[in-house]
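Please open the model in a viewer and keep the selection tool at hand. The stops below go from the whole chain to single elements.

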Amino acid sequence: HQPSELANSLGVLVLAGPAARIDTATSAEYVSAYNERRRWLLRLAVLLQRTAVDPRAPCDAPWVVSDTRTGHRGRGYRGRWYTPGWPWPFDGGVGIVGSKCRYGEAEPNTTGATADCCAPIFGKVAGVRCYETAHPAIVETYLATTYARRTQSAELPLADLMVGGEVDAGKLRAVRGRYEQQVLWVRPPLPLPPLRGLSTSDRAAVQRFASKECLTALKGSL
């Protein structure tokens, strides 16, 4: 969901590169990786005084329910059906909603060309609704015009902000005022690098963006 703090943030922070695409064999593995990347991005976003943007879902993921399986053969999106799992009551279910996007591949392109993209939808899944993050469609909104694509997009030089293979919190804080663009991309390696040097106040700030359900998992990553 879109957090109340979004209007007061410096903009959004968005994953780019391999970390932005979550390829898994099962929906359970997808949820695990999805939340891991959201927690990682949320911590960086808070230090940069930005709003973290959720990752998208691969439109061709093997766990997406087919229109044939749901009794809607030929009426789905490229053979997939918009449902958060199957059958009802969708316990542990994950699905996709397809659309056309300029940034579906999470690359800061400037051509304005659109392509198929998908966002995840969830059934009864723990841990996916308790972080204050933004839907990936916010990137499309911010960069809807040619002028915005040229002037409101930048990439964080993550390698310059790392010490000993870890992202340094002090270095992040030092550069947050350097970027006035609404959309700031970050291209981390996989596995995601740890974040070092968080102060007590940093940890408290990050925890404000999680509800009680996810505090334990979030604290474990701090």
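Accessible areas here come from the Shrake-Rupley method with a 1.4 Å probe. With that method, the accessible surface of the chain comes to about 10600 Å², and 52% of this surface belongs to carbon and sulfur atoms. The model is a predicted one.

**Stop 1: the whole chain**

Select everything and colour by secondary structure. Six helices and nine strands make up the regular elements of the chain. The radius of gyration is 18 Å, close to the 17 Å that the globule rule gives for 222 residues, so the chain is as compact as a globular protein of that length. Along the principal axes, the C-alpha trace spans about 55 × 40 × 30 Å. Half of the chain is inside by the criterion used: 50% of the 222 residues count as buried. Among contacts between residues at least 6 apart in sequence, 72% join residues at least 24 apart.

**Stop 2: confidence**

Recolour by pLDDT. The chain averages 91, and 96% of the residues score at least 70. Now select residues 1–5, where the pLDDT is below 50. Beyond near neighbours in sequence, this stretch has 14 contacts in the model. Where pLDDT is low, the predicted coordinates should not be read in detail.

**Stop 3: a three-stranded sheet**

Select residues 162–163, 166–168 and 195–196, which are strands S6, S7 and S9. In which order do the three strands of this open sheet lie? The order is S6-S7-S9, and the pairing is mixed. S6 and S9 are the edge strands, each pairing on one side only. Strands of a sheet pair through backbone hydrogen bonds, either parallel or antiparallel. S7 and S9 run parallel and are joined by two bridges. To find the register, show Val167, which stands opposite Leu195 in S9.

**Stop 4: helix H5 and its cover**

Move on to helix H5, residues 200–207. Which residues of H5 are buried? They are Asp202, Ala205 and Val206. These three cover an arc of only 100 degrees around the axis, which puts them on the same side of H5. An α-helix has 3.6 residues a turn, so residues three or four places apart point the same way. Turn to the other side of H5 and show Thr200 and Ser201, which are exposed.

Finally, add the elements that cover the buried residues of H5: these include helix H1 (27–47), helix H4 (169–175) and helix H6 (212–220).

Technical notes:
Residues numbered from 1 in each chain as written. Predicted model: local features only at pLDDT ≥ 70, side-chain atom pairs only at ≥ 80, totals over all residues. Heavy atoms only, no water. Pairing = 2+ DSSP bridges. Helix = DSSP H or I, 4+ residues; strand = E, 2+ residues; numbered from the N terminus. Buried < 20%, exposed > 50% of the residue type's maximum accessible area, 1.4 Å probe, protein only. Arc of directions from axis to C-beta. Contact = heavy atoms within 4.5 Å. pLDDT = per-residue confidence, 0-100. Rg over C-alpha atoms; globule rule 2.2 N^0.38 Å.
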